[in-house]
Amino acid sequence: METIILAAGKGTRMKSKLPKVLHKVCGKPMLQHVIDAAKAAGSSREVVVIGSGSEKVKEQISGVEFVLQAEQLGTGHAVLSAKENFKNSSGTLIVLCGDTPLVTGEMIKSFVTAHEQSKFPATVLTAEMPDATGYGRIIRENDGSFKKIVEHKDATEEEREIREVNTGIYCFDVQKLFDALPEVKNENAQGEYYLPDVLTILKKHGEKIGAVKADDFKLTLGINSRVQLAAAEAVLRQKKNFELMENGVTITDPGSTFIDAEVEIGQDTIIYPGTYIEGKTKIGEDCELGPNTRLTDMTVGNNVKIHFSYCHESEICDGVVMGPYVHIRPGSKISAKVKIGNFVEVKNSNIGEGSKLPHLQYIGDCDMGSGVNMGCGTITVNYDGKTKFRTKIGNDVFVGCNSNLVAPVTVEDGVYIAAGSTITENVPKNNLAIARARQVNKSGWKDKRD
Ligand code: UD1
Ligand code: MG
């Protein structure tokens, strides 16, 4: 069982600089959704036909073979461009379109089974659409068997009334498909070589054509515009939320919770409204996330609490309590049981176990040990206007409020830093560092001024 995915079209109706199939649904390009579904259905090989923006597609998609369709002359022509790739193939070829991101492996698998049981050389997957505008309509013979597909633009008023449509998903006997394809003509409203016409040609050769209806039309929705893109996003988002809830995650308001397709979340984690969990984020068990939190490409352990914060491309370990208003920037590791927030920014830094950054810190390019207490308003001064430098802080260090640690600088284990210090030199183990001007009190000063 092999698959061809058509993804060369311009996607004119998207009005975009990005190739249509790279537009994301729940954080994953449409084309990737289709490829993953084919693999899940048991396909052994996926050949993707690309054209418009092919370089961009190749950059973002891997694990498949690409064929270039230099000119987009229609879906039939797109399949024909891959003739060489399938010259040694036999058995079933699945045809999918790169713009139907809601297809599932399960649906494709049961469609392939129906096709193979029928022993017909070609089967089209159809769907009953509430609004069939734009789709090719399925015309059946009086006995209900397949007659032909008429594209919306070529259809008569009467044919446009039909709500059973071509989903753009087919199964073919691969060699019979490629034998018949050269007979497809482009005499139609769009001047294109239509793949659906190959079905009529096979029928004329005396072959039987299957037309199997999908149980759920929503899974076959094709995306041609941004409005349809948003509709697909809504369907997939709801599905993802329901899947997570069925696996033991609490989502207090699924309508205002946005979780990408690839995200994994452990049992008994609670997600509050206004929360976005994106990309390849992985979250452990018993966490409390949100409200109003955004996590992108994060690894989060168990028992973590994150409120009103934004964290990306970093790791947060077990038992961390974070927020409100924390920004964790890429390359950071927040070790177990750290307490962090209110109003704290951490960039490209390692924070050791149990350390506390409770109010108003900027920690950039810093390696901090465990059990450190950072006073309110403490800052690692990591940038001299040209170069970034690292700050090293040992274990069990106490940094007084409003202190600056000017990097590169090392503060060893057990050090105390007096509040208001600007530390520019290394501080040896267990020392107290005071680096501020001494206070002067001028007695009777007010009386003299008056
Ligand atoms: C197509 C079907 C229509 C069906 C609908 C389902 C044809 C002629 N029509 O219409 O019956 O109801 O899908 O969504 O097949 N593509 C290429 N090369 C080309 C043209 C298209 O690779 O030269 C790709 C596109 O990138 C897209 C897919 O084929 O992924 C379908 O093309 P699209 O233009 O979206 O066809 P529809 O008008 O949606
Ligand atoms: Mg389409």
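**Figure 1. Strands β8 and β9 form a hairpin in this predicted model.** Strand β8, residues 137-140, and strand β9, residues 146-150, are paired in the antiparallel sense through 4 bridges. One of the partnerships to look for is that of Arg140, whose bridge partner in β9 is Phe146. Between the two strands of the hairpin there are 5 residues. While you are here, find Gly144, which takes a positive phi near 90° in this hairpin. As a reminder for newcomers, strands of a sheet pair through backbone hydrogen bonds, either parallel or antiparallel.

**Figure 2. Strand β7 pairs with β10 and with β11.** Strand β7 covers residues 122-128, and 6 of its 7 residues are buried, so this strand is mostly covered. With β10, strand β7 runs antiparallel and is joined by 7 bridges. Ala127 has Val165 as its bridge partner in β10. With β11, strand β7 runs parallel, and here 5 bridges join the two. In this second pairing, Leu125 stands opposite Val212 of β11.

**Figure 3. The largest pocket holds about 1200 Å³ of space.** Its lining is made of 39 residues, and those closest to the centre are Arg13, Lys20, Thr75, Asp99 and Asn224. Three elements, β1 (2-7), α3 (75-80) and β10 (164-173), each supply at least two residues of this lining. You have already met β10 as an antiparallel partner of β7; β10 also gives the most to the lining of the largest pocket, with 4 residues. What kinds of residues line the largest pocket: how many are nonpolar, polar and charged? The lining divides into 11 nonpolar, 21 polar and 7 charged residues.

**Figure 4. The second largest pocket holds about 580 Å³ of space.** Here 29 residues form the lining, with Leu102, Val103, Thr104, Gly105 and Lys239 closest to the centre. Helices α1 (30-40), α4 (105-118) and α8 (226-246), together with strand β11 (209-213), each supply at least two residues of the lining. The largest share, 6 residues, comes from α4. Sorted by kind, the lining of the second largest pocket has 15 nonpolar, 4 polar and 10 charged residues.

**Figure 5. Helix α1 is mostly covered.** This is one of the helices that help to line the second largest pocket. Of the 11 residues of α1, 8 are buried. Among the buried residues of α1 are Met30, Leu31, Gln32, His33, Val34 and Ile35, and Ala37 and Ala38 are buried as well. Just after the helix, look for Gly42, which takes a positive phi of about 100°.

**Figure 6. An open sheet of 9 strands shows parallel pairing.** To follow the sheet across, read its strands in the order β14-β17-β20-β23-β26-β29-β32-β35-β38. Which strands lie at the edges, pairing on one side only? They are β14, residues 264-265, and β38, residues 409-411. For a closer look at one pairing, find strand β23 (residues 315-316) and strand β26 (residues 333-334), which run parallel and are joined by 2 bridges. Within this pair, Ile316 has Ile334 of β26 as its bridge partner.

**Figure 7. His312 is found in strand β22.** This strand spans residues 310-312. Is His312 buried or exposed? The relative accessibility of His312 is 14%, and since buried means under 20%, His312 counts as buried. Leaving aside residues up to four places away in sequence, His312 touches Thr296, Asp297, Met298, His327, Ile328, Arg329 and Pro330. For a sense of distance, compare His312 with Phe86: the two are 226 residues apart in sequence and 43 Å apart in space, C-alpha to C-alpha.

**Figure 8. The close-ups belong to a protein chain with 9 helices and 41 strands.** The radius of gyration of the chain is 31 Å, well over the 22 Å that the globule rule gives for 450 residues, so the chain is more spread out than a compact globule. Along its principal axes, the C-alpha trace spans about 110 × 50 × 40 Å. Of the 450 residues, 49% count as buried. Among contacts with a separation of 6 or more, 39% are between residues 24 or more positions apart.

Note on methods
Residues numbered from 1 in each chain as written. Chains lettered and ligands numbered in written order. Predicted model: local features only at pLDDT ≥ 70, side-chain atom pairs only at ≥ 80, totals over all residues. Heavy atoms only, no water. 1 Å grid on protein atoms, 1.4 Å probe; cavity = no way out; pocket = protein on both sides within 12 Å on 5 of 7 lines; lining within 4 Å. Points joined across faces, edges and corners; volume = space filled by probe spheres on them. Nonpolar A, V, L, I, M, F, W, Y, C, P; charged D, E, K, R; others polar. Buried < 20%, exposed > 50% of the residue type's maximum accessible area, 1.4 Å probe, protein only. Pairing = 2+ DSSP bridges. Rg over C-alpha atoms; globule rule 2.2 N^0.38 Å. Contact = heavy atoms within 4.5 Å.
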